[in-house]
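Q: Please take a close look at the pockets of this model and at the residues that can be discussed with them. A connected account, with the cut-offs behind each term, would be most useful.

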Amino acid sequence: KGLDNVAHAILTDAKKLSPVDTGALRASGRVLRINQHLRRVQFGGKGTGVDYARAVEYGTTRRPPTFFLKRAVLKNKKKIKKLFTQDAKRAIRAVARMGSTR
């Protein structure tokens, strides 16, 4: 649940930070669940009609980068750190409850 919350917070901030011309880039943002421990915040791609998200993020020879997604991740850095700290503590407690294997 914590991982989903952080991913959606990043998505929300990235949408706010993305430049708007037609609104298609902003509308193409989504969180993909890769597996139990991995989420991907993604803009553009198949079926979205947006094939320029990477060019907007990183820039081109004609356009400077905006780093809307990178800035969203950095804005949520404390949440990410807290999530990993909580997960590590939870894993340590689980191992401690198992006790010795000898």
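A: The account below begins with the overall architecture, proceeds to the pockets and ends with individual residues.

The model is predicted, so local features are given at pLDDT of at least 70 and side-chain atom pairs at pLDDT 80 or more, whereas totals for chains, interfaces and linings use all residues. Numbering starts from 1 along each chain as its sequence is written, and side-chain values use heavy atoms, without hydrogens or water.

The protein contains 5 helices and 2 strands (DSSP runs numbered from the N terminus: H or I of at least four residues for helices, E of at least two for strands). Read from the N terminus, these elements follow the order α-α-β-β-α-α-α. Along the principal axes, the C-alpha atoms of the protein occupy a box of roughly 65 × 25 × 20 Å. Buried residues (under 20% relative accessible area with a 1.4 Å probe and protein chains only; exposed is over 50%, partly exposed in between) make up 25% of the 102 residues of the protein. Among contacts (heavy atoms within 4.5 Å) with a separation of 6 or more, 47% join residues 24 or more positions apart.

The largest pocket holds about 490 Å³ of space. A pocket here is an open set of points on a 1 Å grid over the protein atoms alone, where a 1.4 Å probe fits and protein lies on both sides within 12 Å along at least five of seven lines; lining residues have an atom within 4 Å of a point. Its volume is the space filled by probe spheres set on the points, which are joined across faces, edges and corners.

The lining of the largest pocket comprises 20 residues, and those closest to the centre are Leu3, His37, Leu83, Phe84 and Asp87. Helix 1 (2-17), strand 2 (38-42) and helix 5 (77-98) each provide at least two lining residues of the largest pocket. The greatest share comes from helix 5, with 7 residues. By class, 11 residues of this lining are nonpolar, 4 polar and 5 charged (nonpolar: Ala, Val, Leu, Ile, Met, Phe, Trp, Tyr, Cys and Pro; charged: Asp, Glu, Lys and Arg; polar: the others, Gly among them).

The second largest pocket has a volume of about 290 Å³. Of its 13 lining residues, Ala53, Arg54, Glu57, Tyr58 and Leu69 are nearest the centre. At least two lining residues come from each of strand 2, helix 3 (53-58) and helix 4 (68-75). Helix 3 contributes the most to the lining of the second largest pocket, with 4 residues. The classes in this lining are 8 nonpolar, 1 polar and 4 charged residues.

Strand 2 supplies residues to the largest pocket and also to the second largest pocket. Within strand 2 lies Arg39, which counts as buried because its relative accessibility is 15%. The side chain of Arg39 forms a polar contact with the side chain of Asp4 at 2.6 Å (a pair of N or O atoms within 3.5 Å, one able to donate a hydrogen and the other to accept it; residues adjacent in sequence count only if both atoms are side-chain atoms). The Arg39 side chain also reaches the backbone oxygen of Gln36, at 3.4 Å. Beyond its neighbours within four places in sequence, Arg39 is in contact with Leu3, Asp4, Ala7, Val31, Leu32 and Arg33. Between Arg39 and Arg54 there are 18 Å in space, C-alpha to C-alpha, and 15 residues in sequence.

Three loop residues complete the picture. Ser18 is placed in the loop between helix 1 and helix 2 (24-27), and its relative accessible area of 4% makes Ser18 buried. A polar atom of the Ser18 side chain lies 3.0 Å from the backbone oxygen of Lys15. Not counting residues up to four places away in sequence, Ser18 touches Leu25, Arg26 and Phe68.

Phe67 belongs to the loop between helix 3 and helix 4. Although Phe67 is not a glycine, its phi is positive, at about 50°. With a relative accessible area of 30%, Phe67 is partly exposed.

Asn76 occupies the loop between helix 4 and helix 5 and is buried, at 2% relative accessible area. The side chains of Asn76 and Asp13 are joined by a polar contact of 2.9 Å. Asn76 touches Ala9, Ile10 and Asp13 when residues up to four places away in sequence are not counted.
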